[in-house]
Amino acid sequence: MNDQPNRFDTAKVAARRNFDEARRRFGTGGDGELNAYGRWREHHPQFNKTIWVVVALVLVGLFVWWLLPGKAKNDMPRGMGGPQPVGVARAVKGPIDVTVNALGTVTPLATVSVRPQVSGTVIRFAFHEGQMVKAGDLLAEIDPRPFQAALDQAKGQLARDQASLVNARIELKRQHSLMAANATSQQNVDNQIATVKQDEGTVVSDQANVQSAAINLGYTKVTSPVAGRAGIRTVDVGNFVSAGQTTAIVVVTQLQPISVLFTVPEDNIGAIMARFNAGEAMQVDVYDRAQTNKLATGRLAAVDSQVDTTTGTVKLRAMFSNDDGDLFPNQFVNVRLLVNTLQNQVVIPAAAVQRGASGTFAFVVKSDKTVSMRVITLGVQQGDSVAITKGLNPGETVVTDGADRLRDGGEVTIPGGQTVVDVKAPAGATGGGLSDAERAARRAKMMAACGADMKKYCDGMTGREAFMCLREHRDDVSDACKTEMKSMRRSGGGGRPGGGPPG
């Protein structure tokens with residue numbers, strides 16, 4: 001414990017000694033007085049902060065200067081920058097579908113609100129909410145005892161009146177016998193005939209009463225009129241229900257088969273009716289709200305008889321078996337109606353189509369890993385694929401990803417090492433930039449202007465390596481070389497349609 005203060009004192013003495021030594025070295029003279037540098041620092045306390053700010057600015061400037069050559073890469077002529085990595089696809093020949101897209105609603109063929117047809121108290125339910133039921137299945141039962149009593153009463157009345165009819169007929173037969181023996185009058189015979197007819201009418205009425213009572217007794221058992229799914233019931237056991245009430249006991253919705261109602265513009269109705277009237281089965285596909293999952297495939301079943309003048313559309317109905325239950329009543333769906341299928345079309349991914357001032361075009365990759373701009377004419381588009389009616393031949397390779405940084409004649413690299421085969425362009429195909437001959441002439445002219453500079457700064461280098469070297473020494477080359485490089489930069493090397501720089 002006694003050694004602890006001694007160690008602290010020793011450390012304090014050493015620290016003081018080091019501080020005095022630093023003051024003598026950087027701020028004071030040998031006699032302890034401040035030297036000129038120390039006195040200047042004493043009068044300018046912000047000097048250290050200023051030094052650090054200047055150093056930081058210098059570092060930032062060096063960093064920006066280091067980045068500028070890479071940034072200027074896109075401003076150089078083609079072939080003088082690094083190849084652009086791109087994604088490619090090959091144009092193929094095959095079929096493409098002509099479809100009509102629409103919005104639709106899943107609509108059941110039958111939605112039945114089951115209401116009571118007799119009045120009484122509900123004594124039990126024979127289904128569970130959401131259960132699939134068949135036509136004729138028992139859903140609920142109303143207390144049948146009053147209706148059974150009414151049926152028994154009607155049957156008793158019928159039996160009594162039938163007995164009266166039998167007795168009247170026997171009496172009529174006896175009156176006929178007496179009339180034959182001149183033992184009775186004609187009036188008595190006529191009266192008995194009327195009595196028999198009256199009793200026959202009474203029996204017919206009683207039979208109708210029995211049938212009516214039996215029907216009412218049958219109505220105490222509430223059954224499903226269609227096959228489908230039973231919904232949420234609106235009454236409970238013990239509730240009193242009345243015949244003709246507006247509130248349904250339960251709603252049963254038919255699910256199999258099911259339909260989808262959708263509308264198409266009146267401009268498309270001609271092509272649709274041409275195939276529909278010919279009796280061809282027209283395929284209809286339905287997708288979910290996001291158009292990512294295909295829910296079902298069915299066929300066109302009906303076309304409305306008139307155009308809706310308020311919207312200029314025609315309503316159509318498509319039928320689906322819905323065996324797996326993917327379509328739900330009143331569900332919103334996207335509909336795709338197959339109108340026709342075009343064969344032997346040149347098809348490319350829609351991502352390969354570019355648009356510029358001169359119209360639609362695509363970048364075609366050649367075997368030397370350079371791209372050529374080709375004006376194309378679009379046909380039918382199906383999803384992510386589009387038909388090309390003019391400008392491409394099957395087998396040609398087009399750029400699908402990275403085209404926004406390309407120019408006509410630019411060099412590209414294809415990840416994965418995919419090979420490119422040169423395919424002859426279709427007759428009459430036009431490009432958006434310079435032809436191969438024009439590009440070759442332009443490069444030859446530049447080599448002539450910059451030959452001496454190439455030999456001076458880039459001796460022994462060829463191809464892209466030589467152009468990269470020349471770009472690095474662009475500030476030191478001759479005036480003729482600078483002029484030619486600026487000329488190529490202004491022309492954009494053929495550029496994109498409209499002469500604009502790449503996006």
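This section describes strand pairing, one helix, a surface patch and unusual backbone geometry in a predicted model.

Strands β4, β11, β9 and β6 form an open sheet of four strands, arranged in that order and with antiparallel pairing. The edges of this sheet are β4 (111-114) and β6 (132-133), each of which pairs on one side only. Within the sheet, β9, which covers residues 228-230, is joined to β11 in the antiparallel sense over two bridges. At this pairing, A230 stands opposite V252 of β11. In general, strands of a sheet pair through backbone hydrogen bonds, in either a parallel or an antiparallel sense.

Strand β12 (258-265) follows β11 (250-253) after a loop and has antiparallel pairings of its own. Five bridges connect β12 with β3, the strand of residues 92-108, and the two run antiparallel. Here P108 of β3 is placed opposite I258 of β12. Eight bridges connect β12 with β15, again in the antiparallel sense. In this pairing V260 is placed opposite A318 of β15.

Strands β12 and β15 also take part in covering helix α6. This helix spans residues 269-277, and I269, I272 and R275 are buried in it. Viewed down the axis of α6, the buried residues fall within an arc of 140°, and therefore line one face of the helix. This agrees with the general geometry of an α-helix, which has 3.6 residues a turn, so that residues three or four places apart point the same way. The cover over the buried residues of α6 includes β12, β14 (294-303), β15 and β16. On the face turned away from the buried side, α6 carries the exposed residues A274 and N277. Just after the helix, G279 adopts a positive phi of about 85°.

A nonpolar patch lies on the surface and is formed by I51, W52, V54, V55, V58, L59 and L62. Together these residues have about 690 Å² of accessible area. One of them, V54, belongs to helix α3, which runs over residues 47-71. V54 has a relative accessibility of 44% and so counts as partly exposed, because the class of exposed residues begins over 50%.

The remaining features concern backbone geometry in loops. Most residues other than glycine have a negative phi, and most peptide bonds are trans. A cis peptide bond is found between Q256 and P257, with omega about -5°. P257 is located in the loop between β11 and β12.

Positive phi values also occur at two asparagines. For N182, phi is near 55°. N182 is located in the loop that separates α4 (145-180) from α5 (186-219). With a relative accessible area of 71%, N182 is exposed. For N330, phi is near 70°. N330 is located in the loop between β15 (313-320) and β16 (332-349), and with a relative accessible area of 63% it is exposed. The two strands that flank the N330 loop, β15 and β16, are among the elements that cover the buried residues of α6.

Methods: Residues are numbered from 1 along each chain as its sequence is written. This is a predicted model: local features need pLDDT of at least 70, side-chain atom pairs count only at pLDDT 80 or more; totals for chains, interfaces and linings use all residues. Side-chain values use heavy atoms; hydrogens and water are left out. Buried means under 20% relative accessible area, exposed over 50%, partly exposed in between (1.4 Å probe, protein chains only). Two strands pair if DSSP finds at least two bridges between them. The arc is that of the directions from the helix axis to the C-beta atoms. Contact means heavy atoms within 4.5 Å. Patches are made of residues with over 30% relative accessible area and no salt bridge: like charges are joined within 9 Å, nonpolar side chains (Val, Leu, Ile, Met, Phe, Trp, Tyr) within 5 Å. Accessible areas come from the Shrake-Rupley method with a 1.4 Å probe; for residues, only the protein chains shown count as cover. A salt bridge is a side-chain nitrogen of Lys or Arg within 4 Å of a carboxyl oxygen of Asp or Glu.
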